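Here are two short exercises on how secondary structure elements pack. Have a look at the model, try each task, and then compare your reasoning with the worked solution.

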Amino acid sequence: MALDIETLVDLYRDMWLIRAFEFGLEREFKKGNVPGMLHTGVGQEATQAALAAHLKATDCFFPDHRCHGINALAQEKHQGDGERIMAELFGRATGVCSGKGGSLHSANPRVGNFGDNAVEGSYMATVLGVALAWQMRKQPNVACCIIGDGTVGRGEFHESLNMAAIWKLPVLYACVNNGYAISMPVGKGHASADIVDLARGYGMPCVQVDGNEIELAYAEVARAVDSIRAGNGPYFLEFKTWRWQGLFSGEFRPAEEVRYWKEDRDPIRLARQKIGAQSSLQAADLDRIEAEVVQQIETWIDFAKNSPMPDPAKATADVYVGGEELR
Amino acid sequence: MSATTVRTRTFVQALNEALDISLARDPNVYLLGEDIAEMGGDFGVTRGLWAKYGAERVRDTPLSEAAIIGTAVGSAMVGLRPVAEIMFADFLGECYDQLVNNAAKMHYMFDGQFKASIVVRTACGGGFGGGPHHSQSVEGWFLNVPGMVIVAPATPADAKGLLLASIENDNPILFLEHKALYRLKGEVPEGHYTTPLRKAAIARPGKDVTVVATMKMVHEALAAASELEQEGIDVEVIDLRTIRPYDAETVLASVHKTGRAVVANEAPKLGGLAAELSATISEECFRALKAPVVRVAGLDAPIPFSLVLETYILPGKKQVVEGIRSVLRA
């Protein structure tokens with residue numbers, strides 16, 4: 001089932017937006033302009049673009065550790081101000097959480113972004129409640145929870161899948177299996193290197209997808225979302241992919257593995273080949289898209305850099321709803 | 001509906017009334033927890049509610065404490081008002097992350113975009129041979145967590161009024177129910193009313209010494225006060241009612257008046273509520289104090305099973321009397 005060329009080009013642009021965002025961010029991080037830690041999603045753009053394409057602003061997603069891309073895409077797509085994700089990562093007052101959240105705690109419910117949680121897997125429990133509320137209210141929304149392969153080690157993984165299954169909750173589990181939990185290879189850290197094998201016992205549809213083929217990822221997300229909206233209960237997708245970022249100390253994976261994924265399996269390169277084969281678009285047209293996106297990201301970085309820092313007096317605001325008096 | 005009709009009810013019945021009223025008044029309220037539906041909960045607090053409101057709103061869960069709290073928080077993010085039951089407070093370790101890193105921080109870290117308006121009811125406290133994992137006082141585990149609210153009633157009337165106030169509040173609330181109080185009877189107004197959060201009660205006015213206590217220790221302090229009254233010692237007992245954030249104004253005003261303070265808490269002394277109260281009183285009332293603050297607290301050990309051992313660990317009326325005598329001697 002081939003995608004129409006317009007959709008494919010849109011997804012190509014989305015993937016480039018994610019990559020340009022991460023590259024720009026990494027550059028600024030190295031310059032010392034971005035505080036904290038940085039986990040980038042380069043190499044995993046196809047899964048994020050596919051999810052963002054099918055989730056509506058009235059759905060929700062809990063982003064994973066390498067989530068800047070889908071956060072920015074959702075922010076740009078539904079509200080037209082993706083630069084506020086960038087500003088959040090710079091710790092600025094104009095960020096989506098006014099600088100209180102940062103890379104691992106960016107949220108905006110108006111675009112369906114229900115916030116990451118830096119404790120891997122915590123939100124696997126939270127997603128149940130959103131889904132339960134929608135089920136009780138008979139709203140046909142999808143509560144999506146994006147996790148990494150490392151998250152599978154958490155107890156919440158099992159508590160969540162079990163409860164979603166027994167209550168038939170509208171949860172989409174999107175497991176981005178990039179092969180490593182920091183340094184731990186997936187096959188060493190889990191009883192199976194194929195996460196679907198671990199999920200299957202909970203009795204929901206479990207589908208493994210090539211996470212670097214945008215057409216496949218797009219189609220499988222569509223199928224999952226349709227099934228959930230139809231009231232069929234939870235659905236588990238495992239995207240097999242690979243992250244470009246090594247460890248903070250450098251690259252730790254074999255050179256041939258790195259070459260294979262970056263050269264042969266780059267989701268953007270694969271999409272580019274497909275577009276070239278299926279349409280009259282020339283390399284120059286795709287280069288132009290890339291240049292436009294890179295330019296857009298530079299304006300986001302400028303916006304973030306030129307935004308004011310938060311007022312330090314706000315550091316103690318909003319600890320309690322209604323203040324210390326609990327009104 | 002009149003709140004002036006007062007009946008005698010147990011602590012458990014008072015809690016049950018609060019849940020019943022909340023379920024009837026607000027369609028967003030629902031209950032979840034282990035064995036709370038048809039069975040009515042381990043201590044009978046939810047008895048009859050499943051039959052009245054159905055399995056959707058009085059919802060049994062598997063033994064998945066993290067998922068229970070996560071479900072509560074997630075549903076609160078989209079406007080529901082869950083009341084979760086964690087059967088024994090000792091099990092909060094299983095969902096500590098959900099409460100501390102998620103519920104307590106959510107409103108703050110997401111810049112006010114979400115409210116974790118949840119109530120987590122749990123049975124705490126010792127004195128009945130429950131052993132190391134069914135007896136602990138856990139307020140200290142959560143005392144150091146900004147964003148968390150800890151409510152701890154001592155009477156049936158407050159149990160009902162504070163639970164209603166907690167369910168209607170927009171913050172994540174850990175609602176502690178001391179097991180020794182469950183069968184306690186007291187006057188409980190009929191119908192809907194709320195007892196204000198973060199407001200201590202003066203359980204007994206007095207002028208010679210202030211005792212600040214929570215839950216079961218309020219009753220131990222009242223018993224100590226009655227005993228000492230015969231000797232002409234006039235003890236003021238403050239029932240803190242909300243432990244975090246707490247009503248320092250009432251506590252400090254009392255100590256400024258009496259010049260002597262005992263703080264009584266069932267948990268171990270080190271790093272607990274007694275330590276916090278003692279430090280704040282010492283900081284704020286130093287010049288008014290006629291004696292150093294005394295902490296009456298549990299001994300620094302897990303709760304043992306055998307009642308002889310447990311009784312040795314936990315503070316009671318005797319220790320409160322000793323504490324009062326010691327601040328009066330100084």
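## Exercise 1: a helix pair

In this predicted model, helix α1 (residues 5-30) of chain A and helix α2 (residues 45-54) of chain A have axes that come within 9 Å and cross at roughly 120°. Work out how to class the orientation of α1(A) to α2(A), and describe the contact of the two helices by residue class.

**Solution**

Step 1. Angles of 65 to 115 degrees count as roughly perpendicular and those over 145 as roughly antiparallel, with the rest, apart from those under 35, being oblique. The crossing is at roughly 120°, and therefore α1(A) is oblique to α2(A).

Step 2. Add the hand: α1(A) passes α2(A) in a right-handed crossing.

Step 3. Find the residues that meet. From α1(A) come A:Leu11, A:Asp14, A:Met15, A:Ile18 and A:Arg19, and from α2(A) come A:Glu45, A:Ala46, A:Gln48, A:Ala49, A:Ala52 and A:Ala53. By class, this contact has 7 nonpolar, 1 polar and 3 charged residues.

## Exercise 2: an open sheet

Find the strand order of the open sheet in chain B, and explain why β9 and β14 each have one side without a neighbour in the sheet.

**Solution**

Step 1. The 5 strands follow the order β9-β11-β10-β13-β14 (chain B), and their pairing is mixed.

Step 2. β9 (201-204) and β14 (294-298) of chain B are at the edges with a single partner strand each, so one side of each lacks a neighbour in the sheet. From one strand to the next, the twist averages 25°.

Step 3. Now look at one pair: β10 (residues 209-213) and β11 (residues 235-239) of chain B run parallel and are joined by 5 bridges. Here B:Val209 is opposite B:Val235 in β11(B).

Conventions: Residues numbered from 1 in each chain as written. Chains lettered and ligands numbered in written order. Predicted model: local features only at pLDDT ≥ 70, side-chain atom pairs only at ≥ 80, totals over all residues. Pairing = 2+ DSSP bridges. Helix = DSSP H or I, 4+ residues; strand = E, 2+ residues; numbered from the N terminus. Axes fitted to C-alpha atoms, helices over the stretch in contact; angles between N-to-C directions. Left-handed = near helix turned anticlockwise from the far one by under 90°. Contact = placed C-beta atoms within 7 Å. Nonpolar A, V, L, I, M, F, W, Y, C, P; charged D, E, K, R; others polar.
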